[in-house]
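Hi there,

Here is the structure I promised to pass on. Have a look at it first, and then read on for what turned up.

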Amino acid sequence: MKYQDTIEQAESKLQKTLVFLKQHRLAASPINYSVAYEYASGENDDIVNCINKDINDGCIIDSFLMEELYRQFILSSDESSEKVVQHASSIINSTQRHTQKAQRDSGHYANILDEGLLLLNDSDPESSKQVIEKLIKATTYAKKTQQMLFKALQQAQTKSNELQQQIDDLHANRQLDALTGLYNRSVMSQTVDMWVNNDTKNIAALAINLDHFKQFNDNYGMTIGNVILSKVAQKVKSYVSDSGLPVRLAGEEFLVLIPDANPVTAKEIAEKVRVGVEKLQFINAKNKERLPKITVSIGVTEYCEKIGLDGTIQKATSALRMAKATGRNRVYTD
Ligand SMILES: Nc1nc2c(ncn2[C@@H]2O[C@H](COP(=O)(O)OP(=O)(O)OP(=O)(O)O)[C@@H](O)[C@H]2O)c(=O)[nH]1
């Protein structure tokens, strides 16, 4: 990021950033601050659009969202991509250097060969012997150059495999939420677009939310809360990742989208997830104390093209609210 503001401009943006953080009750952590600054300065359109949309939709601007925006629009475009690009250009430069040297050497070798063949003379064995010796020397040198080139190409191959791995990791990182390993919102939108374009029928939407999680955080702290959140997410994923797309929608809210699942199947899957989470047992690693049961409430609905993904999420969330209102730790289908 590069800012070339005057002191006055920077101060005004700082003020706006602090107001934003205060307004949304966000701690001034480095990540929250960076995203809030980008928003307040209005320079990062992606961040401005996402936050404005969430505000308009009445969504809470929490540190989870800030982290996602940071990873998606600040971190990814700066550090990680830069490292991969640097790595790629070092491979290309090194391979180019070796190839150019090999080209020069083989041109030189061809000249020596041409000249030598012209000078070979049956009637003058002594001069022919000298020519042959020169040719042997040049051949040995050319062989060495080729071996060096071969080695350099092998190294470039190894490096480019590493690079491919880095690119794959980077790609996966951009798709996954760091805490839970579930997919993020941008993968969700892309996947639903793809399903709709392919005429996929019966996309079930399950909105999943941990019950009384605030109380849990208050009693055991955010760090243990984070571990629980991640374990619950893994459990959810274990039931649906073969057939559907598990997404971390917001702080402690997950959404699972399952194509080709009629309402009966969707309800069955939701019930399996609910029971699976209920059965999880957590032990506090520090004092070996057994932690209270964690349960989830689940709202089930069906994707409706007329109202789109946002409308479908709202419908699933309404069903989830009914599951909460009717006692929690239950599945409600609309
Ligand atoms: N540890 C942790 N907590 C989070 C995270 N994201 C959101 N939360 C917490 O989740 C809690 C959600 O609280 P509420 O929306 O009041 O809901 P609840 O206490 O689960 O109550 P019900 O949903 O009505 O059952 C808040 O305390 C948030 O701070 C996160 O990433 N980690």
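In which sense do S1 and strand S3 (residues 253-258) pair, and over how many bridges? They pair in the antiparallel sense, and six bridges join them. One point to find in the viewer is Ile208, whose bridge partner in S3 is Phe254. Please keep in mind that this is a predicted model.

Stepping back to the whole sheet, five strands make it up, in the order S2-S3-S1-S4-S5. The sheet is open and its pairing is mixed. At the edges stand strand S2 (245-250) and strand S5 (331-333); each has a single partner strand, so one side of each is left without a neighbour in the sheet. From one strand to the next, the twist averages 20°.

Two helices lie across these strands. Helix H6 (residues 185-197) lies across S2 and S3, and runs at about 130° to S2. H8 lies across S1, S2, S3 and strand S4 (296-302), and its direction is at about 5° to S3.

Now for the part you may want to open first: the ligand. It is surrounded by 18 residues, of which Asp211, Phe213, Lys214, Gly225 and Gly251 are the closest. Strand S1 (204-210), helix H7 (213-220) and helix H8 (222-240) are the elements that give two or more residues to this shell. By type, the shell divides into six nonpolar, seven polar and five charged residues. S1 and H8 therefore turn up twice in this tour, at the ligand and in the packing of H8 across S1.

Happy browsing, and all the best

Note on methods:
Residues are numbered from 1 along each chain as its sequence is written. This is a predicted model: local features need pLDDT of at least 70, side-chain atom pairs count only at pLDDT 80 or more; totals for chains, interfaces and linings use all residues. A residue is near a molecule or strand if its C-beta atom, placed from the backbone, lies within 6 Å of it. Helices (H or I, at least four residues) and strands (E, at least two) are DSSP runs, numbered from the N terminus. Ala, Val, Leu, Ile, Met, Phe, Trp, Tyr, Cys and Pro count as nonpolar, Asp, Glu, Lys and Arg as charged, and the others, Gly among them, as polar. Two strands pair if DSSP finds at least two bridges between them. Axes are lines fitted to C-alpha atoms, for helices over the stretch in contact, and angles run from 0 to 180 degrees between N-to-C directions. Two residues are in contact if their C-beta atoms, placed from the backbone, lie within 7 Å.
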